[in-house]
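Trainee: I have a structure open and would like to learn how to read it feature by feature. Could you walk me through a few?

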Amino acid sequence: MAVKQVSCPKCQATMNVMATMTSVQCQTCGMVFPTSGPQPAVAPTPAPATSERTATTDEDEKSKMIMWTVMGGAGALFLFVASIIAAFRFVGDGSAERAAGEQAELRKQEERQQKIQDDAAPYVPKIEGDTYQEVTKLAESTRKRIYREHVGMIESSFGKAGKVPRGGAIGQSFRGALGGIIEREINRLLVAYGITREEYANILAEGEDKGW
């Protein structure tokens with residue numbers, strides 16, 4: 001059906017109306033005016049051609065294919081990254097190896113300390129029996145200091161004898177000399193703190209028991 005374009009004489013707004021209408025109300029200002037007189041007719045908007053609709057449909061299909069391709073690639077990349085992360089977790093970050101190495105080093109240190117104590121044992125006074133007596137005339141902090149001085153003295157002397165053979169004339173002579181040094185240091189501590197050899201032995205046993 002044909003339509004025509006009219007202009008409102010009041011506000012000059014234009015609108016499209018059916019060609020058979022004789023009057024119309026302006027949609028802008030509300031004025032009713034006749035549509036008679038020369039007015040340019042507006043041809044109806046033609047429907048889009050079939051070829052254009054087909055082209056639009058093809059473009060939509062291409063867009064969908066591209067979208068699914070991108071989404072599929074992103075999913076594949078995600079799975080690849082996840083598999084790499086899982087592989088690293090399976091292999092581990094080396095913490096187990098480090099822990100094993102630390103344990104081995106700790107055992108080595110314990111063996112070394114035990115060897116030092118065994119070498120120094122003949123020159124260190126010991127208590128009789130399994131129970132020590134606390135030397136209460138000295139404060140615990142003082143007893144702890146005596147024990148630590150003793151440990152440092154043993155470490156600085158027999159700790160350096162690890163490369164010297166334990167047997168043979170040379171080894172025995174060397175350890176005998178170290179024993180003389182330890183004996184002099186023990187006598188010095190006895191005089192410095194006013195304690196007997198028995199009290200000194202009890203302080204050492206207390207330090208071993210309490211892990212000073």
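Trainee: Let's take the hairpin of strand 1 and strand 2: which residue there takes a positive phi?

Mentor: Gln-12 does, with a phi near 65 degrees. Six residues lie between the two strands of this hairpin. Do keep in mind that the model is predicted.

Trainee: In what sense do strand 1 and strand 2 pair, and over how many bridges?

Mentor: Strand 1, residues 3-7, pairs with strand 2 in the antiparallel sense, and five bridges join them. To see one for yourself, start at Val-3: its bridge partner in strand 2 is Met-18.

Trainee: Which residues of strand 2 make up its covered face, and which the uncovered one?

Mentor: The general idea helps here: side chains of a regular strand alternate between the two faces of the sheet. In strand 2, residues 14-18, Met-15 and Val-17 form the covered face. Thr-14, Asn-16 and Met-18 are on the uncovered face.

Trainee: Now the cysteines. How many disulfides does the structure hold?

Mentor: A disulfide is a covalent bond that links the sulfur atoms of two cysteines. Here the count is zero.

Trainee: Why is there no bond between Cys-8 and Cys-29?

Mentor: Look at the distance: Cys-29 has the closest cysteine sulfur to that of Cys-8, but at 3.5 Å it is too far for a bond. The cut-off is within 2.5 Å. Cys-26 tells a similar story, since its closest cysteine sulfur, in Cys-11, is 3.5 Å away and too far for a bond.

Trainee: Are Cys-8 and Cys-26 buried or exposed?

Mentor: Cys-8 is buried, with a relative accessible area of 0%, and Cys-26 is buried too, at 3%.

Trainee: On to the helices. At what angle do helix 3 and helix 5 pack?

Mentor: In general, two packed helices are described by an angle between their axes and a distance between those axes. For helix 3 (residues 140-158) and helix 5 (residues 197-210), the angle is about 90 degrees and the axes are 9 Å apart. The two helices are therefore roughly perpendicular to each other. Among the residues making the contact are Ile-146, Tyr-147 and His-150 of helix 3 and Tyr-200, Ile-203 and Leu-204 of helix 5. By type, the contact residues divide into six nonpolar, two polar and five charged.

Trainee: And what is Arg-112 in contact with, beyond its sequence neighbours?

Mentor: Leaving aside neighbours within four places in sequence, Arg-112 is in contact with Glu-155 and Gly-159. Arg-112 lies in helix 2, residues 95-120, and is partly exposed, with a relative accessible area of 32%. Arg-112 and Gly-159 are 47 residues apart in sequence, yet 8.2 Å apart in space from C-alpha to C-alpha.

How values were computed: Residues numbered from 1 in each chain as written. Predicted model: local features only at pLDDT ≥ 70, side-chain atom pairs only at ≥ 80, totals over all residues. Heavy atoms only, no water. Buried < 20%, exposed > 50% of the residue type's maximum accessible area, 1.4 Å probe, protein only. Helix = DSSP H or I, 4+ residues; strand = E, 2+ residues; numbered from the N terminus. Pairing = 2+ DSSP bridges. Contact = heavy atoms within 4.5 Å. Axes fitted to C-alpha atoms, helices over the stretch in contact; angles between N-to-C directions. Parallel < 35°, antiparallel > 145°, perpendicular 65-115°, else oblique. Nonpolar A, V, L, I, M, F, W, Y, C, P; charged D, E, K, R; others polar.
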